[in-house]
Amino acid sequence: MKLQWHTCVSAAVGLLAGALVVSAANAQESAVVYKAELSPLNSKVTGSDASGEATFTVSGDQLTIRISVKDVPPSIEHWQHFHGFAKGDEQAQCPTVKDDTNGDGIIDLIETEPKAGTTMVPFNADPVAFAIPKNTYPQSDVNGSYTYEKTVSLKALETAFEKQFPGQELDLDRRVVFIHGVPSSTKLPSSVASLGDIPAQVTLPIACGAIRKSGN
Ligand SMILES: [Cu+2]
């Protein structure tokens, strides 16, 4: 009788533990996380090795974008986006020194395009509005750090994205994150190209990371 009771209790404890494990697994399953480890670009211009991490957490209809960087030029605004290919299913990649096709020692925005594609989603005050040249990007502090965090409706972003890039889906794991920007006083050779009439100092890539689905 005593033995039976004991068996019964341990079975109940076992069931409870099982239920806890299952519910923890469900909670993990409901959020999908993508990550990009940011590596420096054009350190010779910036004078420091920018680094950081971008995470994209999808939970139901919510996409939370969190970008944390350090060792970027201090006290200026930093444009940041994900870039990718607007046609086909090519995987965007971060550029390397080999992509400095004009050999001026600087990888400018235009030189990143064959590897990384085009500017897609802005991580500014309103990513869904797709206003790329808008001064609502984060500003670094005096130590050259900042953290950007924004939660948007996934559906709203997907709808706006398809309007901008017909036939394309967000496909985060085919994209790369770029951080841009050096002080406007930075002297750059005239060979450094930019987008339209936007100063090359604003669009100069200073960090990049490929977005990948996270293991956890
Ligand atoms: Cu960009």
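Trainee: What share of the 216 residues in the protein is buried?

Mentor: Buried residues come to 33%. Keep in mind that this is a predicted model.

Trainee: OK. How many helices and strands does the protein have?

Mentor: There are 5 helices and 9 strands. Going along the sequence, they follow the order α-β-α-β-β-β-α-β-β-α-β-α-β-β.

Trainee: And what part of the contacts with a separation of 6 or more is between residues 24 or more positions apart?

Mentor: That would be 71% of them.

Trainee: Let's zoom in on a strand. Is E4 buried or exposed?

Mentor: Buried. E4 covers residues 80-84, and 5 of its 5 residues are buried, so the strand is largely enclosed by the rest of the structure.

Trainee: Which residues sit on which side of E4?

Mentor: Gln80, Phe82 and Gly84 are on one side, with His81 and His83 on the other. Both faces are covered. In a regular strand, side chains alternate between the two faces of the sheet.

Trainee: Which way does E4 run against E5, parallel or antiparallel?

Mentor: Antiparallel, with 4 bridges joining the two strands. Within that pairing, Gly84 is opposite Thr118 of E5.

Trainee: How many residues of E5 are buried?

Mentor: E5 spans residues 118-122, and 4 of its 5 residues are buried, so E5 is also largely enclosed by the rest of the structure.

Trainee: What about E4 and E7, how many bridges are there?

Mentor: 4 bridges, and the pairing is antiparallel. E7 is made of residues 176-180. Look for Phe82, which stands opposite Val177 of E7.

Trainee: Phe82 again! Why does Phe82 count as buried?

Mentor: Because Phe82 has 26 C-beta neighbours inside 10 Å, and 20 or more is enough to be called buried.

Trainee: Which residues is Phe82 in contact with, leaving aside its neighbours within four places in sequence?

Mentor: Met120, Val121, Arg175, Val176, Val177 and Ile211. Of the strands we've talked about, E5 takes in residues 118-122 and E7 takes in residues 176-180, if you want to place those contacts.

Trainee: One last thing: how far apart are Phe82 and Phe178 in space?

Mentor: Their C-alpha atoms are 6.1 Å apart, while in sequence the two residues are separated by 96 positions. Phe82 belongs to E4, so to speak of the pairing once more, E4 and E7 are antiparallel partners.

Conventions
Residues are numbered from 1 along each chain as its sequence is written. This is a predicted model: local features need pLDDT of at least 70, side-chain atom pairs count only at pLDDT 80 or more; totals for chains, interfaces and linings use all residues. A residue is buried if 20 or more other C-beta atoms lie within 10 Å of its own, exposed if 12 or fewer, and partly exposed in between; C-beta atoms are placed from the backbone. Two strands pair if DSSP finds at least two bridges between them. Two residues are in contact if their C-beta atoms, placed from the backbone, lie within 7 Å.
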